[in-house]
Amino acid sequence: MRILFAAALLALTWGTPGQAEEIGCVSTVFKLLGPDHKICIEAFDDPEVPGVTCHISRAQTGGLKGMVGLAEDTSDAAIACRQVGPITLPENLKDGDSVFHERRSFLFKKLQVVRFLDRKRNVLIYLVYSDKIIEGSPKNSISTVPILPARLFSQD
């Protein structure tokens, strides 16, 4: 029982490296009671690499369970990341660092975005996927951001 309580407390206090801003949602299934099932688009900036913004689209479960936060959202998600300004890579950038995550169920399931750097091609790669404590999902999506020269973003 203590383990379950500790897991619940951890899930409720799990922070997000970067806060996402909701851009908009579309309804996919009408629910008589509670909110409809939706696909929502959110944006977040990479917290360690200024100049990169990512947009995620993800399924959001509605109905009564969704309304009270007990629904488990599906693992369906897509990502698109773009360079929106000059990029300066930090010296301590590590492959596989989590740049965004959020809970997808009351306990145990989360959506994550991790970043990799393809040094040979000078490209950042962002991977979105869902995982659970016991098993994850093979559903995933990637987006690549070629690191362009800063002069392309100057105001001159």
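**Local environments in strand β8, an aromatic pair and a surface patch**

Ser143 is located in strand β8, which spans residues 140-146, and the description that follows refers to a predicted model. Because a residue counts as buried when its relative accessible area is under 20%, Ser143, at 6% relative accessibility, belongs to the buried residues. When residues up to four places away in sequence are set aside, Ser143 touches Ile79, Ala80, Cys81 and Arg82, and also Leu124, Ile125 and Tyr126. With one of these residues, Cys81, there is in addition a polar approach, in which a polar atom of the Ser143 side chain lies 2.7 Å from the backbone nitrogen of Cys81.

Thr144 is likewise found in strand β8, but its relative accessibility is 40%, and Thr144 therefore counts as partly exposed, a term used for values between the limit of 20% for buried residues and that of 50% for exposed ones. Apart from its neighbours within four places in sequence, Thr144 is in contact with Cys81, Val123, Leu124 and Ile125. Cys81 thus appears among the contacts of Ser143 and also among those of Thr144, as does Leu124. A further spatial relation of Thr144 concerns Phe116, which is 28 residues away along the chain, the C-alpha atoms of the two residues being separated by 9.4 Å.

Aromatic side chains were considered next. A pair of aromatic rings is described by the distance of the centres and the angle of the planes. One aromatic pair is present in the structure. It is formed by Phe44 and Phe100, whose ring centres are 4.7 Å apart and whose planes meet at 10°, so the pair is classed as stacked, since planes under 30 degrees apart are counted in this way. Phe44 belongs to strand β2, whereas Phe100 belongs to strand β5 (residues 97-103), so the pair ties together parts of the chain that are 56 residues apart in sequence. Both partners are buried, for the relative accessible area of Phe44 is 3% and the relative accessibility of Phe100 is 1%.

A contrasting setting is provided by the surface, where Phe30, Leu32 and Leu33 form a nonpolar patch that has, for the three residues together, about 410 Å² of accessible area. Within this patch, Leu32 is placed in the loop between β1 (21-29) and β2 (37-45). With a relative accessible area of 73%, Leu32 is exposed, because this term applies to values over 50%.

How values were computed:
Residues are numbered from 1 along each chain as its sequence is written. This is a predicted model: local features need pLDDT of at least 70, side-chain atom pairs count only at pLDDT 80 or more; totals for chains, interfaces and linings use all residues. Side-chain values use heavy atoms; hydrogens and water are left out. Patches are made of residues with over 30% relative accessible area and no salt bridge: like charges are joined within 9 Å, nonpolar side chains (Val, Leu, Ile, Met, Phe, Trp, Tyr) within 5 Å. Accessible areas come from the Shrake-Rupley method with a 1.4 Å probe; for residues, only the protein chains shown count as cover. A salt bridge is a side-chain nitrogen of Lys or Arg within 4 Å of a carboxyl oxygen of Asp or Glu. Helices (H or I, at least four residues) and strands (E, at least two) are DSSP runs, numbered from the N terminus. Buried means under 20% relative accessible area, exposed over 50%, partly exposed in between (1.4 Å probe, protein chains only). Rings of Phe, Tyr and Trp (its six-membered ring) pair if their centres lie within 6.5 Å; planes under 30 degrees apart count as stacked, over 60 as edge-to-face and the rest as tilted. A polar contact is a pair of N or O atoms within 3.5 Å; within protein, one must be able to donate a hydrogen and the other to accept it, and residues adjacent in sequence count only if both atoms are side-chain atoms. Contact means heavy atoms within 4.5 Å.
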